[in-house]
Amino acid sequence: MKRIYLDYAATTPTHPDVVKAMLPYFSDSFGNPSSIYACGQEAKEAIEGARASVAALIGAHEDEIAFTSGGTEADNAALKGVAYANSDKGNHIITSSIEHHAILETGHYLETQGFQVTILPVDKDGMVDPDDVRRAITDKTIIVSIMNANNEIGTIQPIVEIARVTRDAGVYLHTDAVQMVGHIPLDVDELGVDLLSISAHKLYGPKGVGVLYTRKGTKLVSFMHGGEQEFGRRAGTHNVPGIVGLGKAAQIAQQEMDEEAERVTRLRDKLINGVLENIDHARLNGHPQTRLPNNVNVSISYAEGEAMCLNLDREGICCSTGSACSSAATEPSHVLQALGLDPLQAHSSLRFSLGKWTTEEEIDRVLDVLPRIVSKLRAMSPLLKSHH
Ligand code: PLP
């Protein structure tokens, strides 16, 4: 049975050209980029090449790019780094209810350290209201962190408008752009953000490497102490193959993302419309238009998400319920709850995320298989019977 992978938001396959670019840095060019002899300098040049590629992809200067161990570290570094460096100015942080755990849990931790965190609600489509940000800012606020695009429901936030608010107030703005970068063109100056997180494995790069973009002049402390790597912002010997892989992935994205976004959007809409037309009691979660080109999140009432997911897996189809992180947990997704879904609707959700190797035949196959699975599960479900 051919596997149909529709969980690109959890992680993407590493692009074959990325793997090829990485390989020499495990073997011939294994040097430490901090060493002054030739094989160290070769590795250093490769890192600087990758830095230039990432900077070009998001319209940043090279010295505003610091490599990290991934999106989680970038989120931690942004929030903790700004909070600790600016605690003389205030202790208030603003974020939203639909952020990734890398932000929400960092916020919880900072609360134990004397910071105050305001968590803004979202509307039924998962949008943060820039006016809510404006109203939440006090003279103690130091940073606002609102994600660029949500990993579960795909909703894209009005970052430009939020940035106008934070700029007026003289408050830093961070955005978790992990699901955005490499999929939709983005420019840090047009967005108006001060800090931005990237993860390589969401754009066909390797796992365990990411970037924190920090606008020049941003007051930030490092929470990784040691060597002078990454302009003193992130100590530790570089993950050279990983960084080279991210650089290559950034180059490929820059060339291909426009066309790819168009192609994937068409398949996304086919899948959404097919599910809504062919399955009763199905609804789309997330914003109907302002959403990632590859994200489909649906609630299919009276069928349990986990059961649909396992049945799809038996047909060779990989997707997820809510998000990969919460799939193992029994708690319904905090994102779906924030939209106002009741726990039953939240438990009957499925996320399909499409990507570079998704074909029309694969979407047709899902649209063939899923209604049958839903009928089978509903036939066994006491929930549907009690509904009628
Ligand atoms: N932020 C978002 C929105 C994500 O989807 C993810 C991925 O799970 C992360 C952060 C964490 O990134 P990483 O897996 O590189 O730590």
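## Three loop residues up close

H281 is partly exposed, with 37% relative accessible area. Keep in mind that what you're looking at is a predicted model. You'll find H281 in the loop that runs from helix 8 (240-278) to strand 9 (282-284). Its backbone has a twist to notice: the phi of H281 is near 55 degrees, a positive value in a residue that isn't glycine. Why point that out? Because most residues other than glycine have a negative phi.

Y204 also has a positive phi, about 70 degrees, and it isn't a glycine. This residue sits in the loop between strand 7 (195-199) and strand 8 (210-214). Is Y204 buried or exposed? Its relative accessibility is 7%, so it counts as buried, since the cut-off for that is under 20%.

Now over to T12, in the loop that links strand 1 (4-5) with helix 1 (16-22). T12 has a relative accessibility of 2%, so it counts as buried too. Which residues does T12 touch, leaving out those up to four places away in sequence? They are H201, K202, L203, Y204, G205 and K207. So Y204, the residue with the positive phi, turns up in the list of T12's contacts.

With two of those residues, the side chain of T12 makes polar contacts to backbone atoms:

| Side chain | Backbone atom | Distance |
|---|---|---|
| T12 | oxygen of H201 | 2.7 Å |
| T12 | nitrogen of Y204 | 2.8 Å |

To pull the T12 and Y204 story together: the T12 side chain reaches the backbone nitrogen of Y204, and Y204 itself is buried.

Terms used: Residues are numbered from 1 along each chain as its sequence is written. This is a predicted model: local features need pLDDT of at least 70, side-chain atom pairs count only at pLDDT 80 or more; totals for chains, interfaces and linings use all residues. Side-chain values use heavy atoms; hydrogens and water are left out. Helices (H or I, at least four residues) and strands (E, at least two) are DSSP runs, numbered from the N terminus. Buried means under 20% relative accessible area, exposed over 50%, partly exposed in between (1.4 Å probe, protein chains only). A polar contact is a pair of N or O atoms within 3.5 Å; within protein, one must be able to donate a hydrogen and the other to accept it, and residues adjacent in sequence count only if both atoms are side-chain atoms. Contact means heavy atoms within 4.5 Å.
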